[in-house]
Amino acid sequence: MEACSRSWSIHTNPAITQRYQILHGIGSGAYSDVYKAKRLFDGLIVALKEIHDQQSAIRELQALQTLNGAPNIVQLIEYFWSDHDDPVLVLEFLPMDLNGLIAEAKKEWNGGIRVSEMKRWMIQVLKGVEACHGCSIMHRDLKPSNLLVSADGEVKLADFGQAIILQEPPYASEEVNVPDQDQPWIPKDPDPNPEDANLSLNQSNLQQEPMTAREEDIPTNQDHLKKDMNGNDKCPKMLNGSTDSPTSCNLSYPADDFSWNPYSEDDEEREDDESGLTSCVGTRWYRAPELLYGSRSYSQEIDLWSLGCIFAELFSLEPLFAGNSDIDQLNRISRVLGNLNQEAWPGCLSLPDYGKIFFSENPNPLGLKSCLPNCSSSEIQLLERLICYDPSKRAPTMELLKDKYFAEEPLPVPVNELRLPSTVNGQENSSMYNYDWKDYDSDFEGFGGAEVSTSDSGFCIRFS
Ligand SMILES: Nc1ncnc2c1ncn2[C@@H]1O[C@H](COP(=O)(O)OP(=O)(O)OP(=O)(O)O)[C@@H](O)[C@H]1O
């Protein structure tokens with residue numbers, strides 16, 4: 001067995017090792033290590049996701065249970081939970097992601113992804129997001145590397161560690177959908193797929209033995225989640241130790257280095273009835289402008305913005321807004337869409353950081369067409385329904401699925417006719433873009449001089 005990083009519990013927990021042979025590590029995220037494993041009683045290949053943050057584990061578990069059996073959502077097979085080990089989720093194994101697809105298309109497919117393929121990829125992603133939004137779940141971290149792909153070309157939304165189930169309005173606080181303490185949790189049947197006997201999760205679930213995880217260890221309300229496993233208050237710091245950010249969140253992280261923690265001492269990071277949602281979610285390149293301006297009362301439209309960025313990237317094979325800091329991110333957006341003002345979004349004045357950041361006048365924004373010169377007008381129109389400042393103008397997924405674009409020639413290919421990356425072996429197909437950081441040491445470089453001044457509400461930054 002190949003050595004795996006960081007983790008002890010997954011190898012030493014008999015509840016897991018009696019049921020699974022751990023094959024090798026697949027990858028690590030901010031809060032998790034993921035392993036490829038084989039279920040001993042039937043040989044089913046799975047992904048074991050060991051999550052080192054309980055809050056993130058509970059979010060993921062709640063979302064995946066709510067979405068069980070929904071189309072284009074990664075399947076939760078079972079989970080292991082104890083009060084002394086990190087929770088481990090057993091997920092269907094998916095060998096690729098859209099990041100790997102984009103990288104392959106860029107390198108190998110002269111001409112990129114065909115329009116007929118693009119439509120099928122987009123439809124699948126839209127259906128996954130529609131399933132989430134239909135269940136009042138905001139994913140909050142949509143990006144190509146969280147859109148996993150099966151060996152058959154099926155897209156599955158994954159990584160629900162930042163997801164939140166919305167209740168009236170606009171967020172869930174007390175009533176959370178954690179498993180009932182007394183009821184062992186057994187996955188519902190997903191959509192049967194009799195053609196694929198080996199990998200059929202339907203079949204695997206039917207054969208499933210009784211749960212070995214300790215459901216009684218799952219807390220039943222969110223107050224409990226504010227404590228660590230020893231009952232102490234959970235108040236970890238942001239990853240870079242920064243609490244003095246002038247905008248909403250992290251000003252100097254690499255794009256994939258997200259640092260949200262819902263129970264940080266910093267009010268900006270707290271999520272509860274009084275303070276609302278945290279704006280520090282998602283991965284910068286795909287983060288909606290209202291989040292970058294510090295909104296705490298956003299809704300599912302933030303996922304729609306991310307979708308627009310993902311689709312644009314599938315078209316051009318380059319990230320649309322590859323900001324190296326939150327301010328650079330906003331600057332890149334305003335160069336394309338124009339500066340955010342009341343005309344673009346009347347609600348912008350109430351954004352917490354709106355009056356703190358000003359960019360130089362930009363009367364002639366580039367527009368999406370000039371960023372995506374190879375896109376047809378219907379493609380640009382569809383993207384404009386997602387990538388716009390005013391969240392209320394972003395089209396819901398159901399409307400987008402009915403967009404004439406998908407009914408026009410060339411029609412979407414069937415899933416089994418999609419071209420896939422040549423190597424379908426886990427992380428080999430997932431690649432983060434190597435952004436050249438050296439040119440952008442500070443938030444303020446790359447877009448002129450910055451003048452910082454203090455005001456009654458804090459300070460503001462003005463770029464010339
Ligand atoms: N079901 C799965 N099948 C195969 N690989 C998976 C699966 N789930 C996750 N992975 C891989 O494991 C790695 C980490 O997973 P994931 O992104 O879910 O962790 P995370 O800690 O929540 O991540 P992030 O830092 O992006 O929030 C990624 O490379 C991902 O592609």
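A polar contact is a pair of N or O atoms within 3.5 Å. Keep that in mind as we look at this predicted model, starting with its sheet and then turning to the ligand.

**The sheet**

Five strands form an open sheet here, in the order E1-E2-E3-E5-E4, and their pairing is antiparallel. At the edges stand strand E1 (20-28) and strand E4 (76-80); each has a single partner strand, so one side of each is left without a neighbour in the sheet. From one strand to the next, the twist averages 25°.

A good strand to follow is E5, which spans residues 88-92 and is joined to E4 by four bridges, the two running antiparallel. E5 is also linked to E3, again antiparallel, through five bridges. Individual residues show how these pairings work. On the E4 side, Phe-80 stands opposite Val-88 in E5, and Tyr-79 has Leu-89 in E5 as its bridge partner. Leu-89 is met from E3 as well, since Lys-49 stands opposite Leu-89.

Is E5 mostly covered or mostly open? It is mostly covered, with five of its five residues buried. As a general point, the side chains of a regular strand alternate between the two faces of the sheet.

**Around the ligand**

Now for the ligand. There are 20 residues around the ligand, and those that come nearest are Ala-30, Ser-32, Lys-49, Glu-92 and Asp-159. Lys-49 may look familiar, as the residue that stands opposite Leu-89 in E5.

Three polar contacts of the ligand are set out below.

| Ligand atom | Partner in the protein | Distance |
|---|---|---|
| Oxygen | Polar backbone atom of Tyr-31 | 3.2 Å |
| Oxygen | N or O atom in the side chain of Ser-32 | 2.8 Å |
| Nitrogen | Polar backbone atom of Leu-94 | 3.0 Å |

How much of the ligand does the protein bury? Taken alone, the ligand exposes 620 Å², and the protein buries 88% of that.

Several strands of the sheet help to build the shell around the ligand. Those giving two or more residues are E1, strand E2 (32-39), strand E3 (45-51) and E5. Which element gives the largest share? That is E1, with three residues. E1 is also one of the strands at the edges of the sheet.

By residue type, the shell around the ligand divides into 10 nonpolar residues, five polar and five charged.

**Putting the two parts together**

E5 makes a handy link between the two topics: it pairs with E4 and with E3, and it is among the elements that give two or more residues to the shell around the ligand.

Key
Residues are numbered from 1 along each chain as its sequence is written. This is a predicted model: local features need pLDDT of at least 70, side-chain atom pairs count only at pLDDT 80 or more; totals for chains, interfaces and linings use all residues. Side-chain values use heavy atoms; hydrogens and water are left out. Two strands pair if DSSP finds at least two bridges between them. Axes are lines fitted to C-alpha atoms, for helices over the stretch in contact, and angles run from 0 to 180 degrees between N-to-C directions. A residue is near a molecule or strand if one of its heavy atoms lies within 4 Å of it. A polar contact is a pair of N or O atoms within 3.5 Å; within protein, one must be able to donate a hydrogen and the other to accept it, and residues adjacent in sequence count only if both atoms are side-chain atoms. Accessible areas come from the Shrake-Rupley method with a 1.4 Å probe; for residues, only the protein chains shown count as cover. Ala, Val, Leu, Ile, Met, Phe, Trp, Tyr, Cys and Pro count as nonpolar, Asp, Glu, Lys and Arg as charged, and the others, Gly among them, as polar. Buried means under 20% relative accessible area, exposed over 50%, partly exposed in between (1.4 Å probe, protein chains only).
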